[in-house]
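Q: Please take a close look at one residue of this structure and say how exposed it is and what lies around it. Then go on from there to other parts of the chain, step by step.

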Amino acid sequence: MTKALGCLAHLVLIVGLTIGIDQATGAHVAAALRPWVGLVAATLLVLGASNVFHLLRGYGQGDSSRGALLARAATGEPPAEGGPMLVTGTVRAEGAALRAPLSGTECVAYQYRLYKRARVAVGDRRRTTVYWGGYACQPFTIDTDARAVRVVGMPDFVDEPNRDRSSATIERTRTYLAATPFDEVAGAEVVSLFGTMVGDRVGNAQAGLRRDWHRANTSPDAATLRFEEHVLPVGATVSAAGHWLPDRRVLGPDPGGLGGSPLTMVTGGPAPLLRRNTALPSSAIAVALFGLVLLVLGAAVVWAASQGHLAHLPALE
């Protein structure tokens, strides 16, 4: 609800400022550009001012700062009122573990992709995915130095995938493909497939999840395909970034629906998550710099319009 009100407030401010900028500069702007100049300038200025406002309210300080998140990662201490959380520890399955289909690894989550690669020109290769988006997960626990943290949701993997194509892997893959009831996907259905994948990443997956998709009208032998597999093994030391849900006492994806952020995993320490993860807050310096850039760009558009530099469309040769 808070996010929705924030978005609504931004839209109201952008509309109001767009009208104001248009009234102030519209007489000096080309007719074809006039509907857009005010909107672009207003959007840049409102978003830049929003960054400054968040900084003034204490963004990047206290329990939600990156430093605090990193300091609590090894102990698994959650934020009292919910929000971004970073945790490092050992993976423990709840009940029977999963078995990764290609490597055979005992795990709590996996993702795989099988594809063909063909040369279409010198130095240019085209990939055609045959079995794609295959993944599964179940709720599990990360045991930190001080406490056990329950985790739900299909993770995004930061690590590079395993691409092993040994004879044992190929044979396991053949067995898996023969025994698995795949959902066939063809043509325009690919779009809905990716929508489902995004939804699964930001959903809770409280009772576990499994998907297996196959390109319609193709059934090549596993030995002719390229392999990619991500695995979250039982007993591995991992770092997870996500959103602490205090009412359920679990770590999972940001609950903001399709606008939220996924649960993200990496083996080892949390440093890669600090660099790449969207579930964690940006640093105060990054927010300040981005806000300054937006304000400067917005002001530049207003200045250019007021000085008549946008009075004519650029000549097309």
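A: Glu106 has a relative accessibility of 42%, so it counts as partly exposed. The class follows because buried means under 20% and exposed means over 50%, with partly exposed in between. The model is a predicted one, and every value here is computed from it.

Glu106 sits in strand β3, which covers residues 106-121. Leaving aside residues up to four places away in sequence, Glu106 touches Ala97, Leu98, Arg99, Pro233 and Val234. A distance can be added for Ala96: 10 residues separate Glu106 and Ala96 along the chain, and their C-alpha atoms are 9.5 Å apart.

A second residue can be read in the same manner. Val296 belongs to helix α7, residues 284-306. Its relative accessible area is 49%, so Val296 is partly exposed. In sequence, Val296 and Leu45 are 251 residues apart, yet 8.2 Å separates their C-alpha atoms.

Leu45 leads to helix α2, where it is one of the buried residues. The others on that list are Val37, Gly38, Ala41, Ala42, Leu44, Val46, Gly48, Ser50 and Asn51. The length of α2 can be checked by a short calculation. With 23 residues at 1.5 Å each, α2 should span 33 Å, and because its end C-alpha atoms are 33 Å apart, the two values agree.

Helix α2 (residues 34-56) also holds Trp36. The relative accessibility of Trp36 is 54%, which means that it counts as exposed. Together with Leu39 and Val40, Trp36 makes a nonpolar surface patch of about 290 Å².

Ser239 gives another case to work through. This residue is part of strand β12, residues 237-245. Ser239 has 0% relative accessibility and therefore counts as buried. What touches Ser239, apart from residues up to four places away in sequence? Its contacts are Val87, Thr88, Thr264, Met265, Val266, Gly268, Gly269, Pro270 and Leu273. Two of these names come up again when polar atoms are considered. The side chains of Ser239 and Thr88 are joined by a polar contact of 2.8 Å. A polar atom of the Ser239 side chain also lies 3.5 Å from the backbone oxygen of Gly269.

Charged side chains are the next topic. There are 11 salt bridges in the structure. One of them is between the side chains of Asp156 and Arg201, with an N to O distance of 2.7 Å. This pair links distant parts of the chain, since Asp156 is in strand β7 (residues 156-157) and Arg201 is in helix α5 (residues 189-202), 45 residues apart. The partners fall into separate classes of accessibility. Asp156 has a relative accessible area of 28%, so it is partly exposed. Arg201, at 9%, counts as buried.

Arg174 has salt bridges to Glu171 and to Asp221. With Glu171, the side chains meet at 3.4 Å, N to O. Why are Arg174 and Glu171 separated by about one helical turn? Both are in helix α4 (residues 167-179), and they are separated by about one turn because they are 3 residues apart there. Glu171 has 43% relative accessibility and so counts as partly exposed. Arg174 is also partly exposed, because its relative accessible area is 34%.

In the salt bridge between Asp221 and Arg174, the closest N and O atoms are 2.8 Å apart. Here distant parts of the chain are linked: Asp221 is in the loop between β10 (213-215) and β11 (226-233), whereas Arg174 is in helix α4, 47 residues away. The relative accessible area of Asp221 is 36%, so Asp221 is partly exposed. Elsewhere, Arg113, Glu160, Arg163 and Glu228 form one network, joined by salt bridges that share partners.

The last step is to set these parts within the chain. The chain has 7 helices and 14 strands. It contains 317 residues, and 41% of them count as buried. Of the contacts between residues at least 6 apart in sequence, 75% join residues at least 24 apart. About 16800 Å² of the chain is exposed, and carbon and sulfur atoms supply 59% of that area.

Notes: Residues are numbered from 1 along each chain as its sequence is written. This is a predicted model: local features need pLDDT of at least 70, side-chain atom pairs count only at pLDDT 80 or more; totals for chains, interfaces and linings use all residues. Side-chain values use heavy atoms; hydrogens and water are left out. Helices (H or I, at least four residues) and strands (E, at least two) are DSSP runs, numbered from the N terminus. Buried means under 20% relative accessible area, exposed over 50%, partly exposed in between (1.4 Å probe, protein chains only). A polar contact is a pair of N or O atoms within 3.5 Å; within protein, one must be able to donate a hydrogen and the other to accept it, and residues adjacent in sequence count only if both atoms are side-chain atoms. Contact means heavy atoms within 4.5 Å. Patches are made of residues with over 30% relative accessible area and no salt bridge: like charges are joined within 9 Å, nonpolar side chains (Val, Leu, Ile, Met, Phe, Trp, Tyr) within 5 Å. Accessible areas come from the Shrake-Rupley method with a 1.4 Å probe; for residues, only the protein chains shown count as cover. A salt bridge is a side-chain nitrogen of Lys or Arg within 4 Å of a carboxyl oxygen of Asp or Glu. The expected span of a helix is 1.5 Å times one less than its number of residues.
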